Amino acid sequence: MHHFHYRDGELYCENVPVDRIARKVGTPFYCYSHATLEHHYRVFDAAFAGFSHIVCFAVKANANLAILRLFARLGGGADIVSGGELYRALQAGVDPRKIVYSGVGKNSEEIRFALKSGILLFNLESSQELGEINRIAGRLGVKAPVALRINPDIDPQTHPYISTGLKKNKFGIDIEQAVQDYRHAQELPHLEVKGAACHIGSQITELDPFIDALKRLKSLIKRLEKEGIRIQYLDLGGGLGIRYDQEEPPHPSEYGEALIKELKGLKCTLILEPGRVLVGNAGILVTRVLYTKEGEAKHFIIADAGMNDLARPSLYGSYHALRPVKERPRPEVKASLVGPICESGDFLAKDRKMPAFQPGELVAVMSAGAYGFSMSSNYNARPRVAEIMVKDGDFYVIRKRETYRQLTWGERLPDFLKGA
Ligand SMILES: *Cc1c(COP(=O)(O)O)cnc(C)c1O
């Protein structure tokens, strides 16, 4: 469900015509619907109403402060994977007692920052990390609350770049190794063992992989209990998929119901780390067509947004639906929607049927709210685009378009290159 819809042939976000935003802020820009974000959060949260839980939004999916603040206001926490994301979450007003920190490569500065901030949980991903966090916590005179991130060796049947719970992936601690690492963690004086975590991948459209992972964690928790290690927090990660094209992912309520059923008898607080499912369909990327180019072997529609603005199609071959901002009768063509970047891999849609978009018109690249802006870069020295939040009949610039001056911020000429 989302609030992007046509009224008299014109695309609206809630009660604002997308064209009006483009006239005000220029193109390209990301546009998020407040009502959609709020609805997605509430539906997801409600799916777990029957079980003690915390919804920790995965900041990497969309790190804009306004979005982080919105979820925090609705009662959510944050799942972070870097010191920078911790900084953002705190800036946005997320309660540190609802922040969980995952990631295979936390450095000592990041660990110190998180310990000082009083976060809820570190999800540890290797035996060596146990020692490092113990050492730093000791120096600070605190106890680090930890969970071990378990690699349950589950195939989530998704794109190989976004599967994370297979033995061959770099993430987590092998489940066979886990009991040994828990014993080790238990012995370290500056760690407080609190939880178990897993995150098996992203854009998962079936329930089975989640249930299989949960089953494996459950049996691990039972084994740990026998050793006197009590798990207070069970973090099941994120990964629930959304509809980009023809996918039919389970509704969050089915996901919640299936997990809760499997959790029966367990006494712990559940942590969930949804990213994509909260923001993906709540955002679009709006781009303007600059030129079209038709040859014998090709038909290109050249837009002002490229792979630096939305990397997913180039990176994973992902599908994003394209919609005209103003509908008009026209033929469909087989074409590629490409950007201005100097790479042949720069496309938003490749060799696909699409409306014959014309120069000057606006195109909405749908389902771009997750891993859109957050993955964008300055490649080809392109300023990053503006981000807009629409609420009912108004829109707000929640991130200004970058300027050329910002592009060179922090760069310095060494003395020997100064002067003419
Ligand atoms: C990326 C990530 C998430 C969010 O994944 P989605 O597929 O966007 O829900 C959650 N937890 C961890 C540890 C992650 O790395």
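User: What makes a pair of side chains a salt bridge?

Analyst: A side-chain nitrogen of Lys or Arg must lie within 4 Å of a carboxyl oxygen of Asp or Glu. This is a predicted model. In it, the closest N and O atoms of Arg-399 and Glu-402 are 3.5 Å apart. That value is within 4 Å, so the pair is a salt bridge.

User: Why is Glu-402 called buried or exposed?

Analyst: Buried means under 20% relative accessible area. Glu-402 has 10% relative accessibility, so Glu-402 counts as buried.

User: And why is Arg-399 called partly exposed?

Analyst: Partly exposed lies between 20% and 50%. Arg-399 has a relative accessible area of 21%, so Arg-399 is partly exposed.

User: How do you know that Glu-125 and Arg-149 form a salt bridge?

Analyst: Their side chains meet at 2.8 Å, N to O. The cut-off is 4 Å, so the pair qualifies. Glu-125 lies in the loop between β8 and α6, and Arg-149 in strand β9, so the pair ties together parts that are 24 residues apart in sequence. Both residues are buried.

User: What makes Glu-361 and Arg-330 a salt bridge?

Analyst: Their N to O distance is 2.5 Å. That is within 4 Å, so the pair is a salt bridge. At 6% relative accessibility, Glu-361 counts as buried.

User: Why is the approach of Lys-60 to the ligand called a polar contact?

Analyst: A polar contact needs N or O atoms within 3.5 Å. An oxygen atom of the ligand is 2.7 Å from an N or O atom in the side chain of Lys-60, so this is a polar contact.

Conventions
Residues numbered from 1 in each chain as written. Predicted model: local features only at pLDDT ≥ 70, side-chain atom pairs only at ≥ 80, totals over all residues. Heavy atoms only, no water. Polar contact = N/O pair within 3.5 Å; in protein donor to acceptor, adjacent residues only side chain to side chain. Helix = DSSP H or I, 4+ residues; strand = E, 2+ residues; numbered from the N terminus. Buried < 20%, exposed > 50% of the residue type's maximum accessible area, 1.4 Å probe, protein only.
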